[in-house]
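Good morning, and thank you for joining this group meeting. Please look at the sequence and the structure on the screen while I speak.

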There are 2 protein chains.
Amino acid sequence: MSGAKYSGLIDRYWERLPVKNRKHIVTLHEGNTPLILAKNLVKEIFGTKKQSSEDSDNNIRLYLKYDGLNPTCSFKDRGMTMAVTKAVEEGSKAVICASTGNTSASAAAYAAKAGLSAYVIIPEGKIAMGKLSQAVMHGAKVIEIKGNFDEALALVRDISENYPITMVNSLNEHRIVGQKTAAFEVVDVLGDAPDYHALPVGNAGNITSYWMGYTEYHAEGVFEKLPKMLGFQAEGAAPIVKGEIVKNPETIATAIRIGNPASWKRAELARDESGGLIDTVTDDEILEAYRMIALKEGIFCEPASAASVAGVIKKKEIFKPGDTIVCTLTGHGLKDPDTAIGVAPETHSVSPDIEQVLEAMGL
Amino acid sequence: MSGAKYSGLIDRYWERLPVKNRKHIVTLHEGNTPLILAKNLVKEIFGTKKQSSEDSDNNIRLYLKYDGLNPTCSFKDRGMTMAVTKAVEEGSKAVICASTGNTSASAAAYAAKAGLSAYVIIPEGKIAMGKLSQAVMHGAKVIEIKGNFDEALALVRDISENYPITMVNSLNEHRIVGQKTAAFEVVDVLGDAPDYHALPVGNAGNITSYWMGYTEYHAEGVFEKLPKMLGFQAEGAAPIVKGEIVKNPETIATAIRIGNPASWKRAELARDESGGLIDTVTDDEILEAYRMIALKEGIFCEPASAASVAGVIKKKEIFKPGDTIVCTLTGHGLKDPDTAIGVAPETHSVSPDIEQVLEAMGL
């Protein structure tokens, strides 16, 4: 497979995905996202004590799977290329979803490429501006409801069952199936699964998908071990950890502000089968990780994405020398510039005079 | 070269870039961006008259080089991986740039990865919010001056000449050299150069870089033809077209709001040597193309990027059946969500009631 001629994940993992005809593929060249070795983060999180010389096998290796570099800047594109391709294959003319933002951006983009109509139901006032700008630019009909995500999703299910409109929320199994390709990519780069795979848990589709991908690939004997899956929910939106639906989920990490995850049971299965865990991280821990990733690794992710790294920091005692950890960063930081500006220091404004500029620079 | 193991453009085009030691490479896995066939746009721009059956050689082929999918969401990362790698190689501890946004985001990110300090001088009030959020998140010291880009650049030159701080504006030749890799990638995918390569022209570094890349690659006999370079400036910021410095450049396409381009002469050379042209497009034409790309191709770019497609629309009579055109989209639309929201229709807000939602959907 040549990197140069890459043309999307359905083409790349054709034999592993249930598409009937290549002519139906709707792609924006999603997938094939960077897996970046994060040495600066390792030093920051684990200190130098656990680390031997530069490239020793005894070092902990932490990789960031930067899925914010998908076409609409979130991992949702992996499932959406599948869901919209299948919608086309089945003759559908429209798609609909409920969304806190990333799903709507992705659904709208792929529908536009395919020439389908897109309807997006969003909870009022609970969506980052960047994401909303995408759905509208791609021509989706965006309908805000005076309610939360779970109410939006209920409406979408109802409409898709009674009208010839394809639901592209992650209840649509093609979404889950498309997302499993991220696990394939990790293994293809590392040559094996990592020891641990950490990721944010909101609607719980992604942890389900990764586990599906790892186990399917593993069953073929391509590689040795299976990873332990580490899922992290925001403390104010942690139904799986708490074992009960959260009526009014609250967290700064809007992309995982979900009170009743669609893939709840399967996320628990991924946790239990892999010998992993699902735990909480606080908004403060999320924001600390969010800043650390940007400052130390030069990678800007959205707040929800940082829950994976925040979780690794919280659980750092479980890792031992030589372990490989992959953290998925689910969305790009530009999805939510408001949060970034909110945590940033004030900028200086001075006259275009060299003395004043040098002083502002601290020189 | 395996797509799976891609690790940045210096590694990929190692023998063509002047880096001494692989250990110095500072990368966020930039480059290797999608080249997407835009059949819907072709239909929209050229109609069906010029088009024969689906895949005939007589069709015009328009590709979008989506450089908004670089790590900081603009093409600037191509030059910045080189500029910061060379700064590290030369023992520098800090970088500085003047920027209308994208350069600052990229400089800050790569400096963070490398552990260098970054200083960013920006013209007051002339920068899209997304971009500013990036520079501050990556820990750059951002200094706004009460002046325009050209004044900011003059200050940066002055400071870099008198302090041990590396200037990473495109006056830094390593930037231009890194950016030429985009031309290599186009040829590697198409197997030849396109007939035409269209792109926005602001500081004129990118048209210079592409032409450098195409001519270097061509000199090795890897492929047959050289493309005609088509550059497009915003009408209110068109010094090259008008043949004189523009004191107060104005355009909605902030990324190309430049009155005195650093690579002015070399852009003219690229135009003349290739038999191409540099022309203007109006803000209205830019916005029309911006919307069309998002609506028809599912690709969200920043306004400046759309100048390439706007130019192709303006000059559509010059293309003939069978021509291949590549348009570079220099930055992701999330760089500037305000403009997107500004051109979007109002969203509907209704009660979470199925009848009301169906009515809002127009069903």
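I shall go from the whole chain to two of its helices, and end with the pair of chains.

Please keep in mind that this is a predicted model. Let us begin with chain A as a whole. Its secondary structure comprises 15 helices and 11 strands. The radius of gyration of chain A is 21 Å, close to the 21 Å that the globule rule gives for 363 residues, so chain A is as compact as a globular protein of that length. Measured out along the principal axes, its C-alpha trace spans about 65 × 60 × 45 Å. Of the 363 residues in chain A, 64% are buried. If we take the contacts in chain A with a separation of 6 or more, 72% of them are between residues 24 or more positions apart.

I now turn to helix H3 of chain A, residues 76-89. What span should we expect for its 14 residues? At 1.5 Å a residue, the answer is 20 Å, and the end C-alpha atoms are indeed 20 Å apart, which agrees. H3(A) is also mostly covered, with 13 of its 14 residues buried. After this helix comes A:Gly91, which has a positive phi, near 85°.

The second helix is H15 of chain A, which runs over residues 354-361. Which of its residues are buried? They are A:Val357, A:Leu358, A:Ala360 and A:Met361. These four cover an arc of only 160° around the axis, which puts them on the same side of H15(A). A general point helps here: an α-helix has 3.6 residues a turn, so residues three or four places apart point the same way. On the other side of H15(A), two glutamates, A:Glu355 and A:Glu359, are exposed.

The two ends of H15(A) also deserve attention. At its start, a side-chain oxygen of A:Asp353 comes to within 3.1 Å of the backbone nitrogen of A:Glu355. Just after the helix, A:Gly362 adopts a positive phi of about 85°.

Finally, let us consider both chains together. How many degrees of rotation superpose chain B on chain A? The rotation is 180°, with 0.0 Å of shift along its axis, and the RMSD is 0.0 Å. The two copies are therefore related as by a two-fold rotation axis. The same surface serves both copies, since 100% of the contact residues of chain B recur in chain A.

Thank you for your attention.

Technical notes: Residues are numbered from 1 along each chain as its sequence is written. Chains are lettered from A and ligands numbered from 1 in the order in which they are written. This is a predicted model: local features need pLDDT of at least 70, side-chain atom pairs count only at pLDDT 80 or more; totals for chains, interfaces and linings use all residues. Side-chain values use heavy atoms; hydrogens and water are left out. Copies are superposed by least squares on the C-alpha atoms of residues with pLDDT of at least 70 in both. Contact means heavy atoms within 4.5 Å. Buried means under 20% relative accessible area, exposed over 50%, partly exposed in between (1.4 Å probe, protein chains only). The arc is that of the directions from the helix axis to the C-beta atoms. A polar contact is a pair of N or O atoms within 3.5 Å; within protein, one must be able to donate a hydrogen and the other to accept it, and residues adjacent in sequence count only if both atoms are side-chain atoms. The expected span of a helix is 1.5 Å times one less than its number of residues. The radius of gyration is taken over C-alpha atoms; the globule rule is 2.2 Å times the number of residues to the power 0.38.
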